[in-house]
Amino acid sequence: MTEYKHHNPNLANPLIQDFISLLGGEWQDSSYGNDCCASVSRALPNNAILEVYLPNSTEWDIDKEEFNTYTVIFHHGSDDDKDSECTFETFDEAFKKAEELEEFYTK
């Protein structure tokens with residue numbers, strides 16, 4: 001669980017737990033202190049990584065680095081030009097996209 005204050009642990013930690021418990025054991029807390037938001041991620045075949053950045057606020061204020069959205073990022077591995085990123089307003093949308101990408105890339 002994240003302990004970084006700028007990740008807003010009161011908001012982020014329950015979301016981390018929900019993602020990990022719903023998506024399964026391959027997922028882990030990947031929060032890093034230099035990031036604005038907490039995250040969960042999992043490794044995929046061919047050195048790819050699937051990562052979900054979680055909200056750190058209930059309001060959007062880019063000047064204060066406060067985000068109320070979820071960002072799902074697929075890192076293609078060795079070819080950064082093929083990375084893709086989607087932003088969602090709700091947990092359910094982000095969860096569905098992460099689940100869909102995970103299923104596609106682990107078949």
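Analyst: Ground rule before we start: a residue is buried under 20% relative accessible area, exposed over 50% and partly exposed in between, using a 1.4 Å probe and protein chains only. This is a predicted model, where local features need pLDDT of at least 70, side-chain atom pairs count only at pLDDT 80 or more, and totals for chains, interfaces and linings use all residues. Residues are numbered from 1 along each chain as its sequence is written, and side-chain values use heavy atoms, with hydrogens and water left out.

User: OK, what makes E100 partly exposed?

Analyst: Its relative accessible area is 44%, and the bracket for that label runs between 20% and 50%. K97 also counts as partly exposed, at 22%.

User: Why is the pair E100 and K97 called a salt bridge?

Analyst: The rule wants a side-chain nitrogen of Lys or Arg within 4 Å of a carboxyl oxygen of Asp or Glu. Here N to O is 3.2 Å, so the pair passes. They sit three residues apart in helix α2, which puts about one helical turn between them.

User: How many salt bridges does that rule give?

Analyst: Three. Another one is E26 with R42, at 3.9 Å from N to O. E26 is in the loop between α1 and β1 (28–29) while R42 is in strand β2, so this bridge ties together parts 16 residues apart in sequence. R42 also meets E102, at 2.6 Å. That pair links strand β2 to helix α2, so it ties together parts 60 residues apart in sequence.

User: Are E26, R42 and E102 buried or exposed, and how do you know?

Analyst: E26 has 53% relative accessibility, so it counts as exposed. R42 has 9%, so it is buried, and E102 is buried too, with 11%. Because of shared partners, E26, R42 and E102 join into one salt-bridge network.

User: How do you know that the span of α2 agrees with its number of residues?

Analyst: Helices are DSSP runs of H or I with at least four residues, strands are E runs of at least two, and both are numbered from the N terminus. The expected span is 1.5 Å times one less than the number of residues. For the 15 residues of α2 (91–105) that should be 21 Å, and the end C-alpha atoms are 21 Å apart, so it agrees.

User: Which residues of α2 are buried, and what makes them line one face?

Analyst: F91, A94, F95, A98, L101 and E102 are the buried ones. Looking down the helix axis, they fall within an arc of 135° (taken from the directions from the axis to the C-beta atoms), so they line one face. On the other side, D92, K96 and F104 are exposed. The buried set packs against α1 (9–23), β2 (39–44), β3 (48–53), β4 (70–75) and β5 (84–88).

User: Which residues does V72 touch from farther along the sequence, and what counts as contact?

Analyst: Contact is heavy atoms within 4.5 Å. Leaving aside neighbours within four places in sequence, the partners of V72 include L50, V52, F88, A94 and L101.

User: Why is there no bond between C86 and another cysteine?

Analyst: A disulfide is a pair of cysteine sulfur atoms within 2.5 Å. The sulfur of C86 is 16 Å from the closest one, in C37, so that's too far. C37 isn't in a disulfide either, since its nearest cysteine sulfur, in C36, is 5.8 Å away. The whole structure has zero disulfides.
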